[in-house]
Amino acid sequence: MPVVSLSPIRAVSGLLAIPGDKSISHRYVLLGALASGRTTMRHLAPGADVRASLGCVAALGASVLRAPGGIVTVDGWGEAGPGSPTGPLDCLNSGTTMRLLLGLLAGFPVSATLIGDASLSNRPMRRVMDPLHAMGAHVTAVEGRAPVTVTGGRLHATTWTPAAASAQIKSAILLAGLRAEGSTTVVEPAATRDHTERAFPLFGLTCAVDGLRVSVDGGQRAVAPSGTLDVPGDPSSAAAWAALAASLPGSHVELTGVALNPRRLGFVAALQRMGATVAITKTHVLGGEPVGTVAVTYGNCADTTIEPDEVPGLIDELPVLAACAAHGRRLEVRGAGELRVKESDRISALVTGLRALGVSAEEFTDGFVINGRARLPCGGQADAVHDHRLVMAFTLVALGAIGPSTITDADAVDVSYPGFWTDLAALRVPLA
Ligand code: S3P
């Protein structure tokens, strides 16, 4: 439970290169393990989550090497397929690792048990187990929670409509579909991040996208890309600084190298509605993902509502948007019940932590409302309940308070953004 003490700052200002995207990194690592040949990646997400994916694929027989210059290589198992690991595969805190790996392994003749930390062991896995069962896979767990054991074998295609809009469910099914007999289709209830679909062609794989339907033919073979895969910056990490700049008068930040995938940029429209000026400049394309600069300037506070249909495009950014609202805006969020099954119950823990910092906040079953005020009265002590996104959100609130604050479990930020404190130090403008 490491505790961080934070003093208020005046503003944030400056230029920052954003570390590699977590979602894209997981996909490159897992597809690299599946492929024949060596996948070379640069600028992988630096946090513990992607380390979990690297550790799991290594335990399954892929060879993982870290080279100078931030390069990581994965020699995939290719035609030989994965080997059965000698012990459980530890996915740590990473839901993406566990869910995508279940799909990846379901069609191979291996047996593996996937475990995770206390948070991951409490998260729902039936959402992935059910479609895999429909494809003929053997996946077992007690009450749909980790440890989950997958004993792979022959799969047949299915058409599946997940109950939740979730890129993890979609991706698990598509990965399993690569090994199934026939053509597997996912019909999404709402569009979710499409990094798996964009990554497939890099590995010689195809999928067909038709609106909310994504189909993959079985029997495809993945091949390592010939060049180096550069991972663009994580929009969820960029969103923390964007929200902080939108919170503190006088702020201006330019965040470079950010993945501009339209399905990840819902936070931009939300911040604009809250009064910030946000300029997006596309500079290049990496691995089928548009990349560019997000520039944010503080603007006068305005109230807004986030509607249910916006939620999939900003689900991971809701905590920092709530923190931004704490500084003088009213923000109402509906249709975000999925937040309750993230690394923590992010509705309850967010509202509890915000209140502990002096913010007026109420929870709904599927969302919350924040009634913010400029310069929060005194600071306080918030518990991030070991959830990386809550560490960032509570930090944003604390930095705009009048007095000092403390955050417990602040080390959880390492899950996605270990350089968070260093980057904050680079951007902060002190009070006096
Ligand atoms: C992710 C998908 C989202 C997101 C998570 C990463 C991914 O989860 O919240 O942080 O990489 O596919 P769901 O698919 O469960 O919504």
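Q: Which residues surround the ligand in this predicted model?
A: A residue counts as near the ligand if one of its heavy atoms lies within 4 Å of it. Side-chain values use heavy atoms, without hydrogens or water, and in this predicted model local features need pLDDT of at least 70, side-chain atom pairs count only at pLDDT 80 or more, and totals for chains, interfaces and linings use all residues. Residues are numbered from 1 along each chain as its sequence is written. The ligand is surrounded by Ser23, Arg27, Thr96, Ala165, Ser166, Ala167, Gln168, Arg193, Ile315, Asp316 and Lys342.

Q: How far is an oxygen atom of the ligand from an N or O atom in the side chain of Ser166?
A: For Ser23, a side-chain N or O atom is 2.7 Å from an oxygen atom of the ligand. With Gln168, a backbone N or O atom lies 2.9 Å from a ligand oxygen. For the side chain of Ser166, the distance is 2.7 Å.

Q: Which elements give two or more residues to the shell around the ligand?
A: Helices (H or I, at least four residues) and strands (E, at least two) are DSSP runs, numbered from the N terminus. Two or more residues of the shell come from each of α1 (22–34) and α5 (167–177).

Q: Is Thr293 buried or exposed?
A: Thr293 lies in strand β19, residues 289–297. Buried means under 20% relative accessible area, exposed over 50%, and partly exposed in between (1.4 Å probe, protein chains only). Because its relative accessibility is 17%, Thr293 counts as buried.

Definitions and conventions. Polar contact = N/O pair within 3.5 Å; in protein donor to acceptor, adjacent residues only side chain to side chain.
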